[in-house]
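Hello,

Here is the structure for you to take over. My notes follow below it.

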Amino acid sequence: MTGDVLIDWTDDGAPLGTARLLSGDYQSANFTLRRAGDSDGLAADDPVRGHTFHIEGVASQAGQSLPFQAVLDIDEGTRMIGALFPVRITDDATGPLVMQVLTVDPFEGDTMFDGVDFARLPLSGGGPRVDIVPGQDAHNILRRRVQVHDHYAIAVFTIP
Amino acid sequence: MKSISFVALAMLLAAACSDSGAPGTLEVRIYGEAFIEEGIPAAEFDDGWSIAFDTFLVSVGEVAVAAGPAGAFVIDDPAYRIYDLARPSGGSGFPVTSAEVIAGTYDHVRFRIAPSATAVAGNAEADDVEMMRAGGYAVWVAGVATRGGESKRFAWGFATATAYAACYTRARVDGDHAAIEITIHGDHIFYDDLVSSEPALSFDPMAAADRDGDDLVTVEELAGLDISAEERYQVGSLDIDDLWGFIDQQVSTVGHIDGEGHCDTTLRE
C-alpha cells in the first residue's frame with residue numbers, strides 16, 4: 001500500500017487504504033515512520049504536528065492514577081521491519097485486514113511502556129500530569145519500544 | 001479498521017553474461033582493510049578512543065560466484081575457512097578460493113560468515129582455528145582500546161551466522177586474472193546506531209561497561225549494560241536492550257564486497 005497515513009490507534013475501524021495482494025502465505029509486513037506535517041491536515045496546535053507519535057493516557061498503579069502525554073520523534077524514513085502478518089491470501093480472498101498496535105508483546109509479555117517509571121517523572125507545569133518529551137530517558141525508552149516489531153500486527157478482520 | 005496490502009515489487013537487474021573472449025582465472029579474496037590490519041585511529045572516533053586489533057578471526061564459507069542473478073555458479077565452494085584479518089597482507093588481503101572460468105563479467109557473489117565445526121585454516125593459526133571451531137564462533141575479535149593513559153582490553157566471540165547474497169561486483173575475465181574481494185569492515189563493531197545511515201564510532205559506553213575496573217571489557221559486562229534509555233544506540237524495530245546484543249547485531253553488517261559494495265543479508269542464529 002502506498003501513500004502516507006496518520007493513524008489514530010484509538011479510532012477503531014478507520015480505513016487506511018486499499019490495495020491488491022498477491023496470493024500466498026504472508027509472514028510479516030514493513031512500514032516506514034515519518035513526522036506528521038502539513039499534508040496531514042492537522043490543526044496548527046495539534047500535538048502530533050512535527051512528531052511521529054503522540055500518546056496520551058493514564059498510568060495506574062496501586063490505586064493511584066497519573067495522566068501522561070508523550071510526543072516521540074523518530075528519524076524520518078525509519079523502517080519498522082517485521083510486523084506480524086501470519087495471513088494466507090487466496091486467489092478469491094476479499095475483505096478487510098486490520099493493522100494493530102500491540103501494547104503488550106504477545107510473545108514475551110513485555111509492554112510498550114516497560115522501563116518508563118511514571119512516578120519519577122516530573123509533573124508538568126501546574127497540573128497533575130507528566131509530559132514525556134525529547135531529551136528525557138523516558139522518551140528514549142518509549143521511542144525505542146514503539147519501534148519494536150513485536151508490537152505491530154496485521155490480521156484478517158472478523159466480525160465479532 | 002480497513003487497511004490492506006503490502007505489495008513487494010522485485011526488479012531484476014540486467015546481468016552481464018559470458019562472451020567469446022578467452023578463459024582466465026577468477027579469484028575470491030578476503031581483506032580487513034587498514035582498520036583491521038593497522039587499527040582504527042582516534043580521529044575516527046567521536047570520543048577520542050583508538051583501537052588496535054590483536055586478532056580478528058572470521059569464519060567464511062559457502063562462497064559462490066555467478067554471472068547474473070540466474071547464472072550458473074562458476075565458483076561454488078562449500079568449505080569454511082578461518083582467517084585472521086589482523087595479520088598484515090600488504091593491502092591485498094588473503095586468497096579464499098579460485099577457479100578457471102570462461103570469459104565474462106561475473107557480477108553476483110554470495111558467501112556466509114558463520115560458525116563451522118569443520119572449518120579449516122585460511123591464514124589463521126591452528127590454535128585459533130580450534131578455538132573458533134570448539135567455541136562455535138563466526139567472528140572473534142581481540143585487542144585494546146586506548147585513549148591517553150587509559151586502555152581497555154577486549155576479547156569477544158560472536159556466534160551469529162550471516163548469509164550475504166546478491167553482492168554486486170563486476171569482475172571481468174578475458175584471458176587473464178580477475179579478483180573479487182570480500183571486504184570486512186571492522187569499524188562497524190563500534191558503530192553507535194543500527195539504523196542511522198551515518199553512525200558515529202564510539203567506545204565510551206563499552207569502556208563504561210567495565211564495572212569491575214579490571215580494564216578488560218567482557219561479554220557479561222556488555223550484556224549487563226542497558227542501552228534502552230540511550231539517545232544513541234538506536235536499534236530500529238529490533239528488540240535489543242543491552243550493549244552486547246547491540247554489538248552482536250552490528251557484527252552481522254561487517255561483510256561487504258570490493259570495498260564498499262553491499263549485499264543482501266540474512267541473519268541466522
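**The helix of chain A**

The buried residues of H1(A) pack against three strands of chain A: S2, S3 and S6, the last of these covering 130-132. Keep in mind that this is a predicted model.

Is helix H1 of chain A enclosed or open? H1 runs over residues 137-145, and eight of its nine residues are buried, so the rest of the structure largely encloses it. The buried set is A:Ala138, A:His139, A:Asn140, A:Ile141, A:Leu142, A:Arg143, A:Arg144 and A:Arg145. Note the three arginines in that set: A:Arg143, A:Arg144 and A:Arg145.

**Chain A overall**

Chain A has one helix and seven strands. Along the sequence the order is β-β-β-β-β-β-α-β. The C-alpha trace spans about 60 × 35 × 30 Å along its principal axes.

Of the 160 residues in chain A, 38% are buried. Take the contacts in chain A with a sequence separation of 6 or more: 66% of them join residues 24 or more positions apart.

The exposed surface of chain A comes to about 9300 Å². Carbon and sulfur atoms supply 51% of that area. On charge, chain A carries 11 positive and 23 negative side chains. The centres of the two sets lie 5 Å apart.

**The largest pocket**

How much space lies in the largest pocket? The figure is about 1500 Å³. The lining of this pocket counts 48 residues. Closest to the pocket centre are A:Ile7, A:Trp9, A:Phe31, A:Leu33 and A:Met99.

Which elements give two or more residues to the lining? They are four strands of chain A: S1 (24-32), S2 (53-61), S4 (79-89) and S5 (97-101). S1(A) gives the largest share, with seven residues. S2 of chain A also appears among the strands that the buried residues of H1(A) pack against.

**Two positive phi values**

Two residues other than glycine have a positive phi, and each deserves a look. A:Ala62 has phi near 50°. A:Ala62 sits in the loop between S2 and S3 (64-72) of chain A. Is A:Ala62 buried or exposed? A:Ala62 counts as exposed because its relative accessibility is 78%, above the 50% cut-off.

B:Glu62 also has phi near 50°. B:Glu62 lies within a strand, S2 of chain B, residues 50-66. Its relative accessible area is 34%, so B:Glu62 is partly exposed.

**A loop residue in chain B**

Where is B:Ala200? The residue is in the loop between strand S10 (177-184) and helix H3 (204-208) of chain B. B:Ala200 has a relative accessible area of 24% and is therefore partly exposed. For scale, buried means under 20%.

What does B:Ala200 touch, leaving out residues up to four places away in sequence? The partners are B:Asp46, B:Phe190, B:Tyr191 and B:Asp192. For a distance check, take B:Phe53: B:Ala200 is 147 residues from B:Phe53 in sequence. In space the two are 19 Å apart, C-alpha to C-alpha.

Over to you.

Notes
Residues numbered from 1 in each chain as written. Chains lettered and ligands numbered in written order. Predicted model: local features only at pLDDT ≥ 70, side-chain atom pairs only at ≥ 80, totals over all residues. Heavy atoms only, no water. Buried < 20%, exposed > 50% of the residue type's maximum accessible area, 1.4 Å probe, protein only. Contact = heavy atoms within 4.5 Å. Areas by Shrake-Rupley, 256 points an atom, 1.4 Å probe, with all protein chains shown as cover. Lys, Arg positive; Asp, Glu negative; His and termini not counted. Charge placed at Lys NZ, Arg CZ, Asp CG, Glu CD. 1 Å grid on protein atoms, 1.4 Å probe; cavity = no way out; pocket = protein on both sides within 12 Å on 5 of 7 lines; lining within 4 Å. Points joined across faces, edges and corners; volume = space filled by probe spheres on them.
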